[in-house]
Amino acid sequence: MEKGHFGEYSGNARHSRVTSSNVHDSERDDAAHISYLKRDIDYDNKHGHSDESMTADEKHISKLAGDIKYDSKKYKK
């Protein structure tokens with residue numbers, strides 16, 4: 001379980017496979033995770049926390065956005 005300033009993220013999506021029947025659920029999960037990471041970056045920025053941590057969060061957001069784009073292209077017909 002990952003814990004941040006705004007709550008916890010279970011990360012269940014990393015243990016499941018995306019299919020055409022669950023692609024919408026996967027996109028919602030990734031979008032929620034992106035939202036959480038953005039709030040975490042804002043919190044870190046306002047409270048003088050590590051730039052390294054914020055950069056890692058930004059990279060994670062980019063990866064999740066790429067996952068959404070890939071899944072949408074591959075599984076939505």
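This is a guided tour of the structure, moving from the whole chain to single residues.

**The whole chain**

Begin with everything displayed, and keep in mind throughout that this is a predicted model. Colour the chain by secondary structure and you should find 2 helices and 2 strands, which follow one another along the sequence in the pattern β-β-α-α. If you then show the surface, its accessible area comes to about 5,600 Å², and 50% of that area belongs to carbon and sulfur atoms. Of the 77 residues in the protein, 25% are buried. Among contacts between residues at least 6 apart in sequence, 65% join residues that are at least 24 apart.

**Helix H1 and Ile41**

Next, select residues 23–46, which form helix H1, and pick out Ile41 within that helix. Is Ile41 buried or exposed? Its relative accessible area is 12%, and because buried means under 20%, Ile41 counts as buried. To see what surrounds this side chain, leave aside residues up to four places away in sequence, and you will find that Ile41 touches Met54, Asp57, Glu58 and Ile61. Measure from C-alpha to C-alpha between Ile41 and Met54 and you should read 5.4 Å, although the two residues are 13 apart in sequence.

**The nonpolar core**

Now extend the selection to Ile34, Tyr36, Leu37, Ile41, Met54, Ile61 and Leu64, the 7 residues that make up the largest nonpolar core. The elements that each give two or more residues to this core are H1 and helix H2, which covers residues 51–75. The largest share, 4 residues, comes from H1.

**Helix H2**

Select H2 by itself and look along its length. This helix has 25 residues and reaches 36 Å from its first C-alpha to its last, close to the 36 Å expected at 1.5 Å a residue. Which residues of H2 are buried? They are Met54, Asp57, Ile61, Leu64 and Asp71, so the list of buried residues holds aspartates as well as members of the nonpolar core. Bring H1 back into view, since what covers the buried residues of H2 includes H1.

Then move to the N-terminal end of H2 and show the side chain of Ser50. Ser50 caps this end of the helix, with a side-chain oxygen that lies 3.0 Å from the backbone nitrogen of Glu52.

**The salt bridges**

Finish with the charged side chains, where the structure holds 2 salt bridges. For one of them, return to H1 and select Asp25 and Arg28, whose closest N and O atoms are 2.3 Å apart. Asp25 and Arg28 are 3 residues apart in helix H1, which means that about one helical turn separates them. Asp25 is partly exposed, with a relative accessible area of 45%, while Arg28, at 53% relative accessibility, counts as exposed.

For the other salt bridge, go to H2 and select Lys63 and Asp67, where the closest N and O atoms lie 3.1 Å apart. These two residues, Lys63 and Asp67, are 4 residues apart in helix H2, so they too are separated by about one helical turn. How exposed is each partner here? Lys63 is exposed, with a relative accessible area of 53%, whereas Asp67 is partly exposed, with a value of 27%.

Technical notes: Residues numbered from 1 in each chain as written. Predicted model: local features only at pLDDT ≥ 70, side-chain atom pairs only at ≥ 80, totals over all residues. Heavy atoms only, no water. Buried < 20%, exposed > 50% of the residue type's maximum accessible area, 1.4 Å probe, protein only. Contact = heavy atoms within 4.5 Å. Areas by Shrake-Rupley, 256 points an atom, 1.4 Å probe, with all protein chains shown as cover. Core = buried A, V, L, I, M, F, W, Y, C linked by side-chain atoms within 4.5 Å. Salt bridge = Lys/Arg side-chain N within 4 Å of Asp/Glu carboxyl O. Expected span 1.5 Å × (residues − 1). Polar contact = N/O pair within 3.5 Å; in protein donor to acceptor, adjacent residues only side chain to side chain.
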